[in-house]
Amino acid sequence: MLRSLQTIVPDTVLHQDEVRDVFAAQPDLGRLAQRIVSTSFNVSGIDTRHTVIDELSLDSDVADPVFFDRRSGALLAPGTKARNEVYTREAARLFVDVARHALDADPDLEAADVTHVITVSCTGFHAPGPEYEIVRALGLSDSVQRYHLGFMGCYASMPALRAASQFCLADENAVVLVVSVELCTLHLRSSEDPDTIVASSLFADGAAAGIVTARDLPSAVTGLRLDRFHTAIAPEGEKAMAWTIGDTGFEMILATTVPQIIGETIIGALRPLYAPEDDLVAAFDDDAVGREVAHWAIHPGGRSILDRVQEKLHLSDAQLHPAREVLRKNGNMSSATVLFVLKRILEEEGAQAGDRVSAMAFGPGLTAESALMTVTASADS
């Protein structure tokens, strides 16, 4: 069971229209690139995003700016080392804070109960890594098993949950802390490349954590039973979504063909997930899976991706509402985002015990990670 989901966003808020104007005003952009900036930002479905970079705020007044010179309006181009140094400092704080929130939110579990820590991030590197920092800062046992899933992209929280579930199947007393932190804004940059412009219009910072355990615990808490997972690859999308390391930060390739590829492959990607349950298979074949699966935690990689998923699966506006709201308020926070959507489903979308939840996230490859879950609201669910 996944329980005690918690999320954090940094304090600095980026308003999409203001960020659009900054990017469009960069002197190195030609007219075509300026039009692409305006279109990408305007149709993104995003109102606000959050960042750990205080100087990106239009209210900031930094004497020696590294990322954004407010006085000239220029977006700067720090090297990868400078960006990663900010990641090392800021991500460490968020990993520890959101992990602590998850433990504090659980009525039955505390630090001494944790047996495994799985951390997820693709926006920076350092060692000892975040899983080590969590163990030390929260006073966990030195013997806690630690794992870090790095550089997998937006889908990485799904295999983290799957690994946590497998640990619990192997050990009925396992308590697995799963923590994702992504600082995508560290890698935003001015460019005339359409893929880079689209990425700059979408990505944001955020942190999420939850606890997975099979222990029989006394308190009735709302959570998610992790029923099944499935991985699918769309080989034609291998070069359409990628994440590489450049001299001035990490470079995201997010081709405009991604929504189309997802639309063409999503049926085949989901069918094996439902195969063990005849009623779900029948509903899927009848384009009525939305009636059997009440809630959909689709990773909001962008507005057009959500549009294509909704169209292909015949989902209602209400079923896509949690994903669209997370996108609107927070942008695309890479691997943390799907955990934000799951939390919203549990707390704000009227989820009831027994409701099915289908979760799906997309990333480099083009890989689609999916999971089928069931809402639980009692200790023995």
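Me: Where along the chain is Ser191 placed?
Reply: Good place to start, and keep in mind that this is a predicted model. Strand 8 covers residues 175-183, and helix 6 comes on the other side of the stretch that holds Ser191. The place of Ser191 is therefore neither of those two elements but the loop between strand 8 and helix 6.

Me: Is Ser191 buried or exposed?
Reply: A residue counts as buried when its relative accessible area is under 20%. Ser191 has 19% relative accessibility, so the label for Ser191 is buried.

Me: Which residues does Ser191 contact, leaving aside neighbours within four places in sequence?
Reply: Contact here means heavy atoms within 4.5 Å. With the neighbours within four places set aside, the partners of Ser191 are Leu29, Thr196 and Ile197.

Me: What separates the C-alpha atoms of Ser191 and Ala33?
Reply: Along the chain, Ser191 and Ala33 are 158 residues apart. In space, the separation of their C-alpha atoms is 8.0 Å.

Me: Which helix holds Val198, and is Val198 buried or exposed?
Reply: Val198 belongs to helix 6. Its relative accessibility is 18%, and the limit for buried is under 20%. So the helix is helix 6, and Val198 counts as buried.

Me: Which residues are in contact with Val198, leaving aside neighbours within four places in sequence?
Reply: Let's look at a distance too: Val198 and Gly302 are 104 residues apart along the chain, with C-alpha atoms separated by 9.3 Å. The contacts of Val198, once neighbours within four places are left aside, are Ser40 and Leu254.

Me: What do the buried residues of helix 1 pack against?
Reply: Helix 1 spans residues 16-24, and its buried residues are Gln16, Val19, Arg20, Val22, Phe23 and Ala24. Among the elements they pack against are strand 2 (12-15), helix 2 (31-42) and strand 3 (48-51). The list also includes strand 4 (68-69), strand 5 (74-75) and helix 6 (194-202).

Me: Is His50 buried or exposed?
Reply: You can find His50 in strand 3. Not counting residues up to four places away in sequence, His50 touches several residues, including Val9, Pro10, Thr185, Asp205 and Lys329. Its relative accessible area is 11%, and under 20% means buried. So His50 is buried.

Me: Which residue is joined to Ala127 by a cis peptide bond?
Reply: Omega is the angle to look at, and for this bond omega is near 0°. The partner sits in the loop between strand 6 (116-121) and helix 4 (130-137). The bond runs from Ala127 to Pro128.

Me: What is omega for the cis peptide bond that joins Gly365 and Leu366?
Reply: To find this spot, look at the loop between strand 14 (356-363) and strand 15 (367-376), where Leu366 lies. The bond joining Gly365 and Leu366 is cis, and its omega is about -5°.

Me: Is Phe151 buried, partly exposed or exposed?
Reply: Phe151 is in the loop between strand 7 (145-150) and helix 5 (157-170). It has a positive phi, near 60°, and it is not a glycine. Buried needs under 20% and exposed over 50%, while Phe151 has a relative accessible area of 25%. Phe151 is therefore partly exposed.

Me: What is the relative accessible area of Ser334?
Reply: Ser334 lies in the loop between helix 11 (317-330) and helix 12 (337-348). Its phi is positive, about 50°, although it is not a glycine. Ser334 is also buried, with a relative accessible area of 2%.

Me: Which residues does UniProt give for "domain: Chalcone/stilbene synthase N-terminal"?
Reply: This annotation comes from an unreviewed UniProt entry. In the model, the span is 37% helix and 22% strand, and its end C-alpha atoms are 14 Å apart. UniProt places the feature at residues 4-214.

Me: How does the radius of gyration of the protein chain fit with a compact globule?
Reply: The protein chain has 12 helices and 15 strands, and 58% of its 381 residues count as buried. A compact globule with 381 residues would have a radius of gyration near 21 Å. The value for the protein chain agrees with this, at 20 Å.

Technical notes
Residues numbered from 1 in each chain as written. Predicted model: local features only at pLDDT ≥ 70, side-chain atom pairs only at ≥ 80, totals over all residues. Heavy atoms only, no water. Helix = DSSP H or I, 4+ residues; strand = E, 2+ residues; numbered from the N terminus. Rg over C-alpha atoms; globule rule 2.2 N^0.38 Å. Buried < 20%, exposed > 50% of the residue type's maximum accessible area, 1.4 Å probe, protein only. UniProt positions renumbered as here; feature names shortened; annotations may be inferred.
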